[in-house]
Structure formats: C-alpha cells, structure tokens
Amino acid sequence: MSNVFVLDHPLIQHKLTYIRDKNTGTKEFRELVDEVAALMAFEITRDLPMEETTIQTPVVETKTKVLAGKKIGLVPILRAGLGMTEGILRLIPAARVGHVGMYRDPETMQPVEYYIKLPSDIEERELIVIDPMLATGGSANDAIHSLKKRGAKQIRLMCLIAAPEGVEVIQKEHPDVDIYLAAMDEKLDDHGYIVPGLGDAGDRLYGTK
C-alpha cells in the first residue's frame, strides 16, 4: 500500500495557513504555492542517491558528494499543477517536465483526459506527479494510469492537501506510488470539495471563476 507522508515542517504549515485563507489575493496565493512547492520538493528529494567526487577548494583537494544523476521528471496535472512546478524546478533545474491535461466532468464527477505530452524517456525517470488538490482522487488516479500505460515505473504523487477519500483511491489503485502532502484534511463535501480545503486551486492561482 502507498506510503503517505505529511510534510509538517513549520514553514510549510505557516504558508499553508495563508494559502487556505479566503482573503489571500491571487498574486500572494501564487507566490505562496510556489514557495510551498519548493519546500516540499526539498523534503521529497531527501533520499536522492549521492556519489563521491573530488574537487579542488581554494585551500586543498577534497572528496565530496554530488547527486548520482538519477533522472527526475515533473508531471503537473493541468492546470493547477503548473502553479507548483516552477518552485520545484528552481531546486531541480535539470528535471524534464511533462504535462497531463485532466478536467472533471461536472455531471459524472469523473476525470476526462484532454492532453498529454511527456519526455521520451519516462521509463528511466523518477516521476513526480503534481496536483495541489487530491479530492476524489479521480484525476490523479487517471494521470498515473496514463503514465504507467506509457512505460513509467517510478512515480510519486505530490499534493498540497488531500481528503482521505482521494488518498484511499490512490492507495487502492496504485499501492506502489508514495503520496506527499502538506496536509491531510477532514473530508469531501457533497460537491466533491475538500473540507476545510482552500477552494478551487486553479481559480485562485489564475484569478478565474
């Protein structure tokens, strides 16, 4: 079963409070989401493999560590996932970025895929699927299925907040995919919104209704 990691670092939790606040405007909301994504990426990449190298400091030659060259891929689920991608890229500039476009049908509440574009070598990359909200789990579930169908073998899921219902779907459908959250919320309401949540992440990021 998928492991669920709630990243309770004080800076993440502090900034998440202002992300949730309905009085936070679009500009500040976007900046805070970007910052929290970078902080989460710092935690998620804690186990990246290292290798030893030798360099010359201004004082002496020394052995030190560098990343072992593990290939990373970022896959934001459009459109809200884009709001978290730049923050991660600042930490991992060599990562390749793919995109999966999903929307939720308002009648059936089921996700519909309308766009997918991925790096050609996704089977060699550790992929981080990015979506601020894990509500019903439908979009993330379908996106992960799409990636696996195209050869992806190593996938992690990164969300700002999740409802237990969405986490349960991913754990059932993708027991090999670890889930990283800034917060596990209480539940979904009758409209499929996370409670207490933060509203519609896409609308708040881009100033749309």
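**Helices and pockets**

Trainee: Is the crossing of α1 and α2 left-handed or right-handed?
Mentor: This is a predicted model, with residues numbered from 1 along each chain as its sequence is written. Local features need pLDDT (the predictor's confidence in each residue, 0 to 100) of at least 70, side-chain atom pairs count only at 80 or more, totals for chains, interfaces and linings use all residues, and side-chain values use heavy atoms, without hydrogens or water. A left-handed crossing has the near helix turned anticlockwise from the far one by less than a right angle. The crossing of α1 and α2 (helices are DSSP runs of H or I, at least four residues, numbered from the N terminus) is left-handed.

Trainee: How is α1 set against α2?
Mentor: Helix α1 (residues 10–20) and helix α2 (residues 26–44) have axes (lines fitted to C-alpha atoms over the stretch in contact) 9 Å apart, at an angle of about 155°. Angles over 145 degrees, on a scale of 0 to 180 between N-to-C directions, count as antiparallel, so α1 is to α2 roughly antiparallel.

Trainee: What volume has the largest pocket?
Mentor: A pocket is an open set of 1 Å grid points where a 1.4 Å probe fits, with protein on both sides within 12 Å along at least five of seven lines. Volume is the space filled by probe spheres on the points, joined across faces, edges and corners. For the largest pocket, that is about 660 Å³.

Trainee: Which residues lie nearest its centre?
Mentor: Lining residues have an atom within 4 Å of a point. The largest pocket has 29 of them. Nearest its centre lie R104, D131, M133, S139 and D200.

Notes
Helix = DSSP H or I, 4+ residues; strand = E, 2+ residues; numbered from the N terminus. Parallel < 35°, antiparallel > 145°, perpendicular 65-115°, else oblique.
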